[in-house]
Each structure stands twice: as structure tokens, then as C-alpha cells.
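User: Hi, I have a structure open and would like some help reading it. Could we go through it together, starting with the rings?

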Amino acid sequence: MRKLRWLIVCVVLSCISSLAVHAEPPLRILWIGNSFTYFDSAHVKFQSIAEGEGRQVQVNAQLQGGYSFQRHLYRDQTMSAILYNVYDVAILQDMSRNMALYAQAPGRGRYILKDAQELTDRIHIYSPDAQIYLEQTWAFSDDNFGRFGSYEVFDKLLQQGTAKVAKSIKAKVTPIGEAFRICRETHPEIELYTPDLKHPSAYGAYLKACVTYVALFGTPITHDTDCGLDSEICTVLRSIANKLITNN
């Protein structure tokens, strides 16, 4: 009987050890951005959604209000995060208008492309296999639609500029702005913005997190991870993210 019990214990321990060896390691993510990411903690919501889908992720978020790629290049904390860690993925989110400015005037905005290239190059020095994702941010109505005059013009320029910069730095695009556009047009009752008409509300941040998840993993969100928000609204936002990536 003792031998049988000991045999059972050994088999169980062997199975546990085997599972530990073959467990999928967490996806190591560097997230560089500003208040468009830390407002209502889109990066934290992303982690919750990933965990709800059974994914393990480690996010190093380097977020500073009002920062562009250029300012991050001179920020000690951001450079230290790049230097002392190895990542599988890097998500880059520039200032809210920069990709639109680049599309509008590539010559005058060439510094935007240059900064994106330099930031990508630095990441690849220390994380040569990291997949870069460039975020397409959203149009907003504050300051006469970012001084572009309308949602339509602003959205189009953001899409064009992000696509051009992404192609140059060999990055994939997380189409957050496209998801915002679809939501505004199909579900105008959902408030995606804070009262400043620019930054994401809790639901805007949730939509951003959903699009980021499906863009990175290439699979739809199947679990009801609502992050403490209204479940019916979250179901709509998840559906927008899932269909957007499927269509693309």
C-alpha cells in the first residue's frame, strides 16, 4: 500500500513538472505612449481581457502625459525600460495629432517618421525579435477636430499617416481610431470620450484594450471580461473589435 501511494505521488509530481515545463511563457510587452493610454487605464484593461482569455502577458507601460516619440527618446525611464528588458511586442502610441500631421504634410512632418524609426531601431537593438505595433489613434472634436475641421478628415489623415509610418518601420497597426469611428457611427449612444472631448472615457479605454487584444493575438475575444463596466455596452464594444480585425 505504501509503495502504491508513493507511486501515485510520483506520477502526480511528474505531471505537475511536465505542465510547468510546457506552460506557455507570458508575452512580454513594452507599451510606450501618453495620456491616450493611461486615461482609464487601457493597458490594465488589456491585461484583464488577456487573462480572461487564458493568455499570460507582462506589460511594461512607459506612459507620460503629452509625450511624443521624440520626448520618449530623451526620457530616462523609457530608455531604461528598452535597455534592461527583452520584449516580444512593442506597442507605440504617438501624440494624438502626429500621424495626421505626417499624412497632411510629409515633408514638414518628416521628424515624426524619423522619431518613429529611431525609437523602433533602439527597441530592436535590445529586443531584435520584437514585433512592433503602431497605434492608429482616434479623431476627436476638441479644438475644431484637432484643427482638421471634421471627424471625417481627421480620421482619414490618421489612417493614412499611421499606415505610411507603419510601412516604413515594418510595424503592424492597431486600428483603434477605426474602431472609434465605427462605434461613433453605429452606436452614438456610447460615450467614448471624457468631457474634454478628446481623451478616452472608461468605455473608450475598454474599446482600445479590446482592439489591442485581437490585433496582437489574432483571435476574437470570447469571454465576458467587462472590467467593472456595463456588460451590455462591453458586449457591443467587443463585437466591434472582433469584427474589425476579422474584416481586416
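Analyst: Before the rings, one term: two rings of Phe, Tyr or Trp (for Trp, the six-membered ring) count as a pair if their centres lie within 6.5 Å. Please keep in mind that this is a predicted model.

User: OK, which residues do ring pairs link into a cluster?

Analyst: The cluster joined through ring pairs is made of Phe36, Trp138, Phe140, Phe148, Phe154, Phe180 and Tyr193.

User: And how many aromatic pairs are there in the whole structure?

Analyst: A search of the whole structure gives 10 aromatic pairs. One of them is formed by Trp31 and Phe46, which meet edge-to-face, with 5.7 Å from centre to centre and 80 degrees between the planes. This pair links distant parts of the chain, since Trp31 belongs to strand S1 (residues 27-33) and Phe46 to helix H3 (residues 42-52), 15 residues apart.

User: Are those two buried or exposed?

Analyst: Trp31 is buried, and Phe46 is buried as well.

User: Why is the pair of Phe180 and Tyr193 called edge-to-face?

Analyst: The planes of Phe180 and Tyr193 stand at 75 degrees, with the ring centres 5.8 Å apart, so the pair counts as edge-to-face; the cut-off for that label is over 60 degrees. Here too the pair links distant parts of the chain, with Phe180 in helix H10 (residues 176-186) and Tyr193 in the loop between H10 and H11, 13 residues apart. Both of these residues are buried.

User: Different topic: which residues touch the most other members of the largest nonpolar core?

Analyst: That core has 69 residues, and the ones touching the most other members are Phe46, Leu92, Leu119, Ile123 and Leu207. Helix H11 (residues 202-217) gives the most to this core, with 11 residues.

User: What does Ile123 touch?

Analyst: Leaving aside residues up to four places away in sequence, Ile123 touches Leu30, Ile32, Ile82, Ala90, Leu92, Ala130 and Ile132.

User: Back to H11, why is it largely enclosed?

Analyst: Of the 16 residues in H11, 16 are buried, so the helix is largely enclosed by the rest of the structure. From its first C-alpha to its last, H11 reaches 23 Å, which is close to the 22 Å expected at 1.5 Å a residue.

User: And what is found at the start of H11, and what follows it?

Analyst: At the start of H11, a side-chain oxygen of Ser201 comes to within 3.2 Å of the backbone nitrogen of Tyr203. After H11 comes Gly218, which has a positive phi, near 70 degrees.

Notes. Residues numbered from 1 in each chain as written. Heavy atoms only, no water. Core = buried A, V, L, I, M, F, W, Y, C linked by side-chain atoms within 4.5 Å. Buried < 20%, exposed > 50% of the residue type's maximum accessible area, 1.4 Å probe, protein only. Helix = DSSP H or I, 4+ residues; strand = E, 2+ residues; numbered from the N terminus. Contact = heavy atoms within 4.5 Å. Phe/Tyr/Trp six-rings, centres within 6.5 Å; stacked < 30°, edge-to-face > 60°. Expected span 1.5 Å × (residues − 1). Polar contact = N/O pair within 3.5 Å; in protein donor to acceptor, adjacent residues only side chain to side chain.
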